[in-house]
Amino acid sequence: MRFHTRKWVKPEDLNPNKTLFGGKLLAWIDEEAALYSIIQLDNKHVVTKFMSEINFMASAREGDVIEIGMDVVKFGRTSLILRCEVRNKMTHETIITVDKITMVNLDEEGKPKPHNKTQIEYVEDRLKMNKKA
């Protein structure tokens, strides 16, 4: 699992129990899944189609730093299936796992479009390809 994003838990991110609000965390996960998919599929037109069961295992408090990690589970014809883990950098606990997040690649009219990708592309690989061109 590669952890791409860190978030600092601020007062506006808390629920009445003074812990990280689950809805805020899910919004961060959805945004990270979209950004990851946009970069992998090289298309800004992607949408979240499905999120599997969500397992909250721990929480975070004000001032904690969390990390959001994404891995590709599978490349579909028009979709990308991701797995997510969020961990608390302060307590070293896993906060949440999401086994499957399905992101769909779209054309300009919002219709599913084949992406022709079969494996993860890393930034350093893209930079090497650009230097050769």
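This is a guided tour of a predicted model, moving from the paired strands to a group of charged side chains and then to the loops.

**Stop 1: the paired strands**

Begin by selecting strand 4, which covers residues 65-75, together with strand 1, which covers residues 2-8. These two strands run antiparallel and are joined by six bridges, and to see one of the pairings you can pick Trp8, whose bridge partner in strand 4 is Val65.

Now add strand 5, residues 79-88, to the selection. Strand 4 pairs with strand 5 as well, again in the antiparallel sense, and here the pairing extends over nine bridges. A hairpin of three residues makes the connection from strand 4 to strand 5, and if you follow the two strands away from that turn you can look for Ile68, which stands opposite Val86 in strand 5.

**Stop 2: Glu67 and its surroundings**

Stay on strand 4 and select Glu67, which is found there. Is this residue buried or exposed? Its relative accessibility is 5%, and because anything under 20% is classed as buried, Glu67 counts as buried.

Next, display what surrounds the residue. Leaving aside residues up to four places away in sequence, Glu67 touches Phe3, Thr5, Arg6, Glu85, Val86, Arg87 and Lys89. Two of the arginines in that list deserve a distance label in the viewer: the side chain of Glu67 makes a polar contact with the side chain of Arg6 at 3.0 Å, and another with the side chain of Arg87 at 2.7 Å.

Then turn to Lys89, with which Glu67 forms a salt bridge whose closest N and O atoms are 3.9 Å apart. This pair links distant parts of the chain, since Glu67 sits in strand 4 while Lys89 sits in the loop between strand 5 and strand 6 (94-105), 22 residues apart. The two partners can also be compared by accessibility, for Glu67 is buried at 5%, whereas Lys89 is partly exposed with a relative accessible area of 33%.

With these residues on screen, select Arg6, Glu67, Arg87 and Lys89 together, and you have a network linked by salt bridges.

**Stop 3: Arg87 over Phe3**

Keep Arg87 selected and add Phe3. The charged end of Arg87 sits over the ring of Phe3, at 3.5 Å from the centre of that ring. A reader who goes on to look for aromatic rings paired with one another should know that the count of aromatic pairs comes to zero.

**Stop 4: other salt bridges**

How many salt bridges does a search of the whole structure find? The search finds six, and two further examples are worth a visit.

For one of them, select Lys24 and Asp13, which form a salt bridge with their closest N and O atoms 3.6 Å apart. Lys24 lies in helix 1 (residues 22-41) and Asp13 in the loop between strand 1 and helix 1, so this bridge ties together parts that are eleven residues apart in sequence. Asp13 counts as buried at 3% relative accessibility, while Lys24 is partly exposed, with a relative accessible area of 29%.

For the other, move to Lys117 and Glu121, where the closest N and O atoms of the salt bridge are 3.4 Å apart. Lys117 is buried, with a relative accessible area of 18%, and Glu121, at 28%, counts as partly exposed.

**Stop 5: the loop between strand 1 and helix 1**

Return to the loop that holds Asp13 and select Thr19, which is placed in the loop between strand 1 and helix 1. Thr19 is buried, with a relative accessible area of 13%, and, not counting residues up to four places away in sequence, it touches Asp13, Leu14, Ser59, Ala60 and Arg61. You can also draw a line from the C-alpha atom of Thr19 to that of Asp64, which lies 45 residues away along the chain, and the separation of the two atoms is 10.0 Å.

Now select Lys18, which lies in the loop between strand 1 and helix 1. Lys18 counts as exposed at 56% relative accessibility, and its backbone has a positive phi of about 65° although the residue is not a glycine.

**Stop 6: the loop between strand 5 and strand 6**

Finish at His92, which is placed in the loop between strand 5 and strand 6. His92 has a positive phi of about 65°, although it is not a glycine, and at 69% relative accessibility His92 counts as exposed.

Key:
Residues numbered from 1 in each chain as written. Predicted model: local features only at pLDDT ≥ 70, side-chain atom pairs only at ≥ 80, totals over all residues. Heavy atoms only, no water. Helix = DSSP H or I, 4+ residues; strand = E, 2+ residues; numbered from the N terminus. Buried < 20%, exposed > 50% of the residue type's maximum accessible area, 1.4 Å probe, protein only. Polar contact = N/O pair within 3.5 Å; in protein donor to acceptor, adjacent residues only side chain to side chain. Contact = heavy atoms within 4.5 Å. Salt bridge = Lys/Arg side-chain N within 4 Å of Asp/Glu carboxyl O. Pairing = 2+ DSSP bridges. Phe/Tyr/Trp six-rings, centres within 6.5 Å; stacked < 30°, edge-to-face > 60°. Lys NZ or Arg CZ within 6 Å of the ring centre and 35° of its normal.
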